[in-house]
Amino acid sequence: MKKILFSILIAAMAIGFAGCVQQAEPSGNDNQQEQTQKQSPKKDGKVLIAYFSRVGNFQEEDNVDAVASASVQVVDGQHEGNTKIIADMIEEETGGDLFFIEMEDKYQTDDYDGFVDSAQSEGSQGVRPTLASHVEDMESYDTIYLGFPNWWFDMPMAVYSFLEEYDLSGKTIVPFCTSGGSGFSDTLAAIKEAQPQANVTEGLHIYQDDVPSAGDEVREWLNRL
């Protein structure tokens, strides 16, 4: 009789122990799932496409000779800056918000050589033009596509004004530029120097003559990113 009671007691203890193990397993799975969720990268945040263009930053735009210009195209009968055209392509692919970097005091010449000479003079003096446009809620953007033409192997000074106006720490800056063949020159290093706590990614340079047909190149670049 004692052996029977002892066997029943052992069996009951075994069943109780198994029940405890079964109840503990879901708790461990929940903790593992919660930890995995914390380690998973967040979804892509808002995208800003900030760009500087000659068109919109000089006076007497109706008189510009678009055919002779190295920074202007004619699109549907309208003058469009090369960088603006690339920015539009990026906007179409990413759905980001377009932002035009506009100066308060615009350049007074519509002659391309005179225009670029003015930009070179600004660069040699380290001028920071006052901007007429400002991003209302920069904190809400995680990725900033930054576009500009390459003038005299540098960014327009207004782009420096833009970079120095905001704290882009922790954000991703994706540069793109247009030029007659100078590429990025030292502008990527200048961006990193202006925003050392930002992540500056691979950039895209488009030669001025290739701008109108650059859609496929832009898409391939975005896919690599």
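How many bridges join E1 to strand E5, and in which sense do the two run? In this predicted model, strand E1, formed by residues 46-51, is joined to E5, residues 141-149, by six bridges, and the two strands run parallel. At tyrosine 51, the residue standing opposite in E5 is glycine 147. E1 is also joined to strand E4 (residues 97-100), through four bridges and again in a parallel arrangement. On this side, tyrosine 51 has phenylalanine 100 as its bridge partner. Strand E1 is mostly covered, with five of its six residues buried.

The pairing continues from E5 to E6, which are parallel to each other over seven bridges. Within E6 (172-179), phenylalanine 176 is the bridge partner of glycine 147. Between E5 and E6 the chain passes through helix H4 (residues 157-165), and the resulting β-α-β crossover is right-handed. E6 is itself mostly covered, seven of its eight residues being buried. Strand E6 further pairs with E7 (residues 199-200) in the parallel sense over two bridges, where isoleucine 173 is partnered by valine 200. Four bridges connect E6 to strand E8 (residues 204-207), also in parallel; here threonine 178 has isoleucine 206 as its bridge partner.

Helix H2 spans residues 82-94 and comprises 13 residues. The distance from its first C-alpha to its last is 19 Å, close to the 18 Å expected at 1.5 Å a residue. The buried residues of H2 are Asn82, Thr83, Lys84, Ile85, Ile86, Ala87, Met89 and Ile90. Glycine 95, just after this helix, adopts a positive phi of about 75°.

Two loop residues were examined for burial and contacts. Asparagine 57 lies in the loop between E1 and strand E2 (72-75). Asparagine 57 counts as buried because its relative accessibility is 0%, below the 20% limit. Beyond its neighbours within four places in sequence, asparagine 57 contacts Phe52, Phe100, Ile101, Glu102, Met103, Lys106, Tyr107 and Phe115. Phenylalanine 184 is placed in the loop between strand E6 and helix H5 (187-194). With a relative accessibility of 13%, phenylalanine 184 likewise counts as buried. When residues up to four places away in sequence are excluded, phenylalanine 184 touches Phe148, Asn150, Pro175, Phe176, Cys177, Gly203, Leu204 and His205. Its C-alpha lies 9.8 Å from that of isoleucine 206, although the two residues are 22 residues apart in sequence.

In soluble globular proteins, nonpolar side chains tend to be buried together. In the present model, the largest nonpolar core contains 35 residues, of which Ile101, Leu146 and Phe162 touch the most other members. At least two residues of this core are supplied by each of E1, helix H3 (112-125), E5, H4, E6 and H5. The largest share, six residues, comes from H4. Leucine 146 is in contact with Ala50, Ile101, Val159, Phe162, Leu163, Ile173, Val174, Pro175, Phe176 and Ile191, leaving aside residues up to four places away in sequence. Apart from this core lies another of 18 residues, including Ile86, Phe176, Ile206 and Val218. Among these members, Ile86 is one of the buried residues of H2, Phe176 is the bridge partner of glycine 147, and Ile206 is the bridge partner of threonine 178.

Technical notes:
Residues numbered from 1 in each chain as written. Predicted model: local features only at pLDDT ≥ 70, side-chain atom pairs only at ≥ 80, totals over all residues. Heavy atoms only, no water. Buried < 20%, exposed > 50% of the residue type's maximum accessible area, 1.4 Å probe, protein only. Pairing = 2+ DSSP bridges. Contact = heavy atoms within 4.5 Å. Expected span 1.5 Å × (residues − 1). Right-handed = clockwise from strand over helix to strand, strands pointing away. Core = buried A, V, L, I, M, F, W, Y, C linked by side-chain atoms within 4.5 Å.
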